[in-house]
Amino acid sequence: MPYDLARLDRRARWLITCLLGTFGLAYLFGGWMVALYAGFTPQRVARTYAGPSLVAAPETTMVMEHTMPMSAFDAGDTVEVHLVDTKLLVQDTHVHVPMYGVIAALLSVVVLGLGLSPRWGFGFITLLFSAPWLDFAGMWLTKFASPRFAVLTVAGGFAMGLGYTIVAVLAVRRMWLMPLERTDR
Amino acid sequence: MNKLVLGVVLALLHITPTVVLVKREDAVRTILPAATGFTAREVRLSGADAHRLHEALDWGPDDGRLTFYTGRRGAATVGSLTFVRVDTPHGPLEVAVGFGTNGAVLRVEVTKATVETKAWVLEAVRSGVLDRYAGVKGGPGADVTAAPKGPALPGGAATYRGKVGQMAAYMLEQIDKGVLRAVVSWGWFYRAG
């Protein structure tokens with residue numbers, strides 16, 4: 001075992017606890033925003049990344065006219081899902097992937113101190129890093145292959161949430177709740 | 001636990017909620033106050049037309065359709081307008097651009113922004129920039145070479161440098177992008193249609 005969270009200096013354990021708490025706070029507010037403005041289904045993800053389904057363009061430009069009442073303009077006020085086009089997805093990938101890597105790395109360092117078997121350690125570290133890969137693979141495949149791949153993005157998100165939750169619970173338990181002999185108390 | 005997972009999903013969706021700054025109905029009343037009836041003209045672009053629009057503006061409507069609204073009072077046409085969406089890294093922006101019967105821009109309204117961009121957009125609008133679009137002419141027909149290459153705003157957005165904050169200036173450029181799209185597509189597919 002590279003190190004043991006339970007035997008760390010109290011200040012180091014407090015630092016890790018604050019880090020995990022800060023991640024959790026960010027996730028809580030994210031959840032609030034989702035509850036207010038968005039859904040959680042692959043269909044909604046597909047709308048965000050794939051955009052509206054395209055109908056084959058006609059041979060010549062076609063024009064249709066119809067009368068409409070003033071009240072019909074209200075339909076356009078419907079709050080829209082943020083459409084992520086290719087340029088924006090390039091930028092999102094560039095900006096988010098490094099940050100996801102840093103978060104996965106920090107959580108992996110915590111995993112190393114959990115006292116797990118090498119097999120479980122490999123498993124958790126793989127989960128932490130594969131979740132963002134799954135997430136962004138889903139976005140790109142949704143845009144360029146099929147909207148059905150939106151399920152990968154949703155799965156990636158849940159995998160990331162699952163990974164964080166497991167690591168946070170095990171770390172807090174290891175650092176503060178396990179009855180170990182400590183000399184630094 | 002559930003909230004944590006929901007939060008992660010949000011982070012992955014990168015959603016920036018849209019906010020309505022001016023209801024479309026209110027924008028229509030402001031731009032074409034004399035109109036009592038409306039006709040929607042839906043233009044479904046051919047592949048060739050969609051391509052030349054994309055070549056000119058690096059843009060095309062999401063679903064290949066442009067919609068223009070003609071305002072009438074009795075049998076007389078009083079003007080027309082269209083709504084154009086601009087996708088920015090901070091979320092979508094929507095402008096309503098109205099045209100007089102002479103083909104000149106009557107008025108521009110910003111109808112939608114996002115939670116993130118609202119303050120910047122409002123600062124840009126308060127600068128009075130929208131008033132300066134009045135009189136800008138639409139493209140003269142279906143000639144692709146006649147499409148304006150520069151900004152729709154007379155003098156360009158650079159004239160506002162230093163007068164508004166950096167992000168407001170950025171949103172001002174996005175507004176201008178929307179107006180330019182409206183002006184060009186109106187000239188090509190409404191007046192020439």
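## A shared sheet and its helices

In this predicted model, helix H2 of chain B, made of residues 24-31, lies across three strands of chain B, namely S4, S5 (91-99) and S6 (105-114), and runs at about 165° to S6(B). Helix H4 of chain B, with residues 118-126, lies across S1, S5 and S6 of chain B, and its direction makes an angle of about 160° with S6(B).

The strands beneath this description belong to an open sheet of 7 strands, whose pairing is antiparallel and whose order is S1(A)-S2(B)-S3(B)-S4(B)-S5(B)-S6(B)-S1(B). At the edges stand strand S1 (62-68) of chain A and strand S1 (18-20) of chain B, each of which pairs on one side only. On average, and with direction ignored, neighbouring strands of this sheet are turned by 25° against each other. Strands of a sheet pair through backbone hydrogen bonds, in either a parallel or an antiparallel way. Within this sheet, strand S3 (residues 65-73) and strand S4 (residues 76-88) of chain B are joined in the antiparallel sense over 6 bridges, and B:Arg72 has B:Thr77 in S4(B) as its bridge partner.

Chain A offers a pair of packed helices to look at. Helix H2 (residues 42-50) and helix H4 (residues 118-144) of chain A pack at an angle of about 70°, and their axes are 8 Å apart. Because angles of 65 to 115 degrees count as roughly perpendicular, H2(A) and H4(A) are described as roughly perpendicular to each other. The crossing of H2(A) with H4(A) is right-handed. To the contact H2(A) brings A:Val45, A:Ala46, A:Tyr49 and A:Ala50, while H4(A) brings A:Met139, A:Thr142 and A:Lys143; these contact residues comprise 5 nonpolar, 1 polar and 1 charged.

Technical notes:
Residues numbered from 1 in each chain as written. Chains lettered and ligands numbered in written order. Predicted model: local features only at pLDDT ≥ 70, side-chain atom pairs only at ≥ 80, totals over all residues. Pairing = 2+ DSSP bridges. Helix = DSSP H or I, 4+ residues; strand = E, 2+ residues; numbered from the N terminus. Axes fitted to C-alpha atoms, helices over the stretch in contact; angles between N-to-C directions. Contact = placed C-beta atoms within 7 Å. Parallel < 35°, antiparallel > 145°, perpendicular 65-115°, else oblique. Left-handed = near helix turned anticlockwise from the far one by under 90°. Nonpolar A, V, L, I, M, F, W, Y, C, P; charged D, E, K, R; others polar.
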